[in-house]
Amino acid sequence: MDVVSDRTKPRVKDYMTRDVATVSPDETVGEVARRIAESDEHSGFPVCERRRVEGFISARDLLLADDDDPIFKIMATDLLVAHPDMKVNDAARVILRSGIQKLPVVDDAGNLVGIISNADVIRSQIERATPEKVGKLTRTLEQIHEIELTEERRTVPLSDLTPTQGRVYADELEGRRYELERGLAEPLVVIDNGGTLLLADGHHRVLAADRLGIDEMDAYVIVIDHEIDLGMARTAEKEELEEIDDIDVVDYARHPLVQTTKRLQSDGGDDDKDA
């Protein structure tokens with residue numbers, strides 16, 4: 001087994017699923033095939049003797065095997081696994097380059113402690129707020145308005161926030177809810193414009209939190225001592241955005257990237273017809 005670990009954040013243990021379904025090496029192909037067929041979530045399982053990972057079995061491995069064959073005869077034993085302290089970015093590289101969908105997570109003793117999927121990796125990357133991102137926004141505002149700003153880290157009530165984005169997408173909203181339910185929400189980015197709290201980044205997170213009954217969230221706050229004329233404030237006023245409930249949730253099918261893809265597919269189809 002190849003184990004890669006890195007103790008920088010965000011880490012695999014922050015995003016992995018801890019309650020992992022496994023199979024025993026002595027279970028038969030028929031038994032495991034039935035489990036896969038009856039499941040909406042699993043196309044394979046880690047194979048464990050007690051807690052120790054011995055291999056992995058996928059639906060593909062079962063195709064040419066007899067129903068009575070024990071799993072240990074056909075399971076894959078040359079495994080890629082993650083360590084709980086491995087960087088999520090490194091886990092993403094392993095998953096994408098190997099073409100696997102799920103990566104078992106083992107501790108230093110080789111015991112299974114979780115599993116991280118490609119979906120977990122994707123969710124960990126969407127809408128990530130970082131100090132670098134906040135610093136870039138601060139510098140941009142300082143250059144445009146020729147002022148000096150300060151940055152703070154504080155907890156902000158969601159009811160005090162003024163949105164600056166009129167719509168969010170349903171699929172990303174589900175991703176943010178997934179993270180919030182696991183206590184993994186990234187900080188918001190807020191501009192305190194002379195006492196008016198403008199939400200600069202994190203609209204999906206805020207709306208998901210509101211739906212979960214969360215009243216306040218951690219935020220990076222860019223502080224402007226006296227109110228100035230900000231473009232995002234004008235946008236909020238123009239779109240009549242005053243509170244969280246003013247944000248619309250739209251289906252992913254209307255996402256600009258999906259629309260672009262459909263246009264490209266349509267254009268390609270027309271070209272084929274002309275040819």
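In this predicted model, R153 lies over the face of Y220, at 4.5 Å from the ring centre. A second contact of this kind involves R35, whose charged end sits over the ring of F45, 4.5 Å from its centre. Aromatic pairs, by contrast, number zero in a search of the whole structure.

**The five-stranded sheet**

An open sheet is formed by five strands in the order β7-β12-β10-β11-β8, and its pairing is mixed. The edges are taken by β7 (150-157) and β8 (161-163); each has a single partner strand, so one side of each is left without a neighbour in the sheet. From one strand to the next, the twist averages 40°.

At one edge, β7 pairs with β12 (residues 216-224) in the antiparallel sense over eight bridges. Within this pairing, T150 stands opposite V223 in β12. At the other edge, β8 and β11 (residues 196-201) run parallel and are joined by three bridges. Here L161 is placed opposite L197 in β11.

L197 in β11 also has D192 standing opposite. The strands β10 (residues 188-193) and β11 are antiparallel, with five bridges between them. What links β10 to β11 in the chain? They form a hairpin with two residues between them, and G194 in the turn has a positive phi of about 60°.

**A second hairpin**

Another antiparallel pair consists of β2 (residues 44-49) and β3, joined by six bridges. The bridge partner of G44 is S58, in β3. As a hairpin, β2 and β3 have two residues between them, and R50 in the turn shows a positive phi of about 60°.

The pairings described above are set out below.

| Strands | Sense | Bridges | Opposite residues |
|---|---|---|---|
| β7 and β12 | antiparallel | eight bridges | T150 and V223 |
| β8 and β11 | parallel | three bridges | L161 and L197 |
| β10 and β11 | antiparallel | five bridges | D192 and L197 |
| β2 and β3 | antiparallel | six bridges | G44 and S58 |

**The largest pocket**

The largest pocket has a volume of about 520 Å³. Which elements give two or more residues to the lining of this pocket? They are β3 (52-58), α3 (59-62) and β5 (102-106). The strand β3 thus appears in two settings: it pairs with β2, and it contributes to the pocket lining.

In total, 18 residues line the largest pocket, and F56, S58, I100, Q101 and K102 lie nearest its centre. S58, one of these five, is also the residue bridged to G44. By residue type, the lining divides into eight nonpolar, six polar and four charged residues.

Definitions and conventions
Residues numbered from 1 in each chain as written. Predicted model: local features only at pLDDT ≥ 70, side-chain atom pairs only at ≥ 80, totals over all residues. Heavy atoms only, no water. 1 Å grid on protein atoms, 1.4 Å probe; cavity = no way out; pocket = protein on both sides within 12 Å on 5 of 7 lines; lining within 4 Å. Points joined across faces, edges and corners; volume = space filled by probe spheres on them. Helix = DSSP H or I, 4+ residues; strand = E, 2+ residues; numbered from the N terminus. Nonpolar A, V, L, I, M, F, W, Y, C, P; charged D, E, K, R; others polar. Phe/Tyr/Trp six-rings, centres within 6.5 Å; stacked < 30°, edge-to-face > 60°. Lys NZ or Arg CZ within 6 Å of the ring centre and 35° of its normal. Pairing = 2+ DSSP bridges. Axes fitted to C-alpha atoms, helices over the stretch in contact; angles between N-to-C directions.
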